[in-house]
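Visitor: Hi, I'm new to this one. Can you walk me through it?
Guide: Sure, let's pull it up.

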Amino acid sequence: MVAEDRPFVLLTGAAGRIGSSFRAEMGERFRFRLADRATEGLADTPGAGHEVVAFDVADPGAARRACIGVDAVLHLAADPSPEADWASSLLPNNVAGALNVLRGAEAAGRRRVVFASSVQTVLAYPPGRTLPDDAPPRPANLYGASKALGESFCSVFAARGLSCVAVR
């Protein structure tokens with residue numbers, strides 16, 4: 001398959017744990033704009049035609065620019081620690097970052113954003129309880145709350161016409 005025949009996907013958090021696994025597995029299937037603060041090793045992604053960009057998700061301008069010209073956005077960038085500090089990490093990376101990416105995708109006329117949420121959004125439910133797919137958030141920590149807020153942002157943008165999928 002020629003690089004230009006593959007869907008062109010912005011992958012935020014491309015150097016993270018999930019981003020690294022995803023790009024290694026799907027690098028031949030998609031053409032990526034690989035975005036992360038740490039770009040070392042991203043050029044080694046399998047497949048051809050990938051772009052590597054240094055990217056801080058907390059920067060609204062960078063988020064807008066990163067969304068231009070892609071077919072879809074897979075937003076994985078976030079601080080994944082349940083112990084992360086709210087003001088210095090969760091607020092800029094997980095909350096403002098999600099909003100910046102959604103705004104950027106909308107401004108660039110993108111059709112689809114896939115948002116990586118977390119099971120942490122529902123950990124305060126009683127143990128052993130089976131939850132329906134549409135269970136409302138009930139986070140047990142601020143990380144889970146930041147991801148629940150990202151899901152809410154997706155709902156806002158979906159109501160405005162941007163196709164958003166939040167994956168817990």
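Visitor: How many residues does the largest nonpolar core have?
Guide: This is a predicted model, and its largest nonpolar core has 26 residues. Those with the most contacts inside that core are Leu10, Phe55, Val73, Leu102 and Leu162.

Visitor: Which elements give two or more residues to this core?
Guide: They are strand 1 (8-12), helix 2 (60-67), helix 3 (86-107), strand 5 (112-116) and helix 4 (142-159).

Visitor: And which one gives the most?
Guide: That's helix 3, with six residues.

Visitor: Is there some general background to that sort of clustering?
Guide: In soluble globular proteins, nonpolar side chains tend to be buried together.

Visitor: Back to Phe55. What is Phe55 in contact with?
Guide: Skipping neighbours within four places in sequence, Phe55 is in contact with Thr12, Ala35, Asp36, Arg37, Ala62, Ala63, Ala66 and Val101. There is also a second, separate core of eleven residues, and Leu11, Leu42, Leu76 and Ala116 are among them.

Visitor: Okay, helices now. At what angle do helix 3 and helix 4 pack?
Guide: About 15°, and their axes are 10 Å apart. Angles under 35 degrees count as roughly parallel, so helix 3 and helix 4 are roughly parallel to each other.

Visitor: Is their crossing left-handed or right-handed?
Guide: The crossing of helix 3 and helix 4 is right-handed.

Visitor: Which residues meet there?
Guide: From helix 3, they include Trp86, Leu90, Leu99 and Glu106. On the helix 4 side, Leu142, Tyr143, Phe153 and Phe157 are among them. The residues of this contact divide into twelve nonpolar, three polar and two charged.

Visitor: New topic: where does Pro137 lie?
Guide: Pro137 is in the loop between strand 5 and helix 4. With a relative accessible area of 41%, Pro137 is partly exposed, because partly exposed covers the range between 20% and 50%.

Visitor: What does Pro137 touch?
Guide: Leaving out residues up to four places away in sequence, Pro137 touches Thr121, Val122, Ala148, Glu151 and Arg168. Pro137 and Ala124 are 13 residues apart in sequence, and from C-alpha to C-alpha they are 8.7 Å apart in space.

Visitor: You mentioned Glu151. Buried or exposed?
Guide: Buried: Glu151 has a relative accessible area of 13%, and buried means under 20%. Glu151 lies in helix 4.

Visitor: What is Glu151 in contact with?
Guide: Not counting neighbours within four places in sequence, Glu151 is in contact with Phe115, Ser117, Thr121, Pro137, Ala166 and Arg168.

Conventions:
Residues are numbered from 1 along each chain as its sequence is written. This is a predicted model: local features need pLDDT of at least 70, side-chain atom pairs count only at pLDDT 80 or more; totals for chains, interfaces and linings use all residues. Side-chain values use heavy atoms; hydrogens and water are left out. A nonpolar core is a set of buried Ala, Val, Leu, Ile, Met, Phe, Trp, Tyr and Cys residues joined through side-chain atoms within 4.5 Å. Buried means under 20% relative accessible area, exposed over 50%, partly exposed in between (1.4 Å probe, protein chains only). Helices (H or I, at least four residues) and strands (E, at least two) are DSSP runs, numbered from the N terminus. Contact means heavy atoms within 4.5 Å. Axes are lines fitted to C-alpha atoms, for helices over the stretch in contact, and angles run from 0 to 180 degrees between N-to-C directions. Angles under 35 degrees count as roughly parallel, over 145 as roughly antiparallel, 65 to 115 as roughly perpendicular and the rest as oblique. A crossing is left-handed if the near helix is turned anticlockwise from the far one by less than a right angle, and right-handed if clockwise. Ala, Val, Leu, Ile, Met, Phe, Trp, Tyr, Cys and Pro count as nonpolar, Asp, Glu, Lys and Arg as charged, and the others, Gly among them, as polar.
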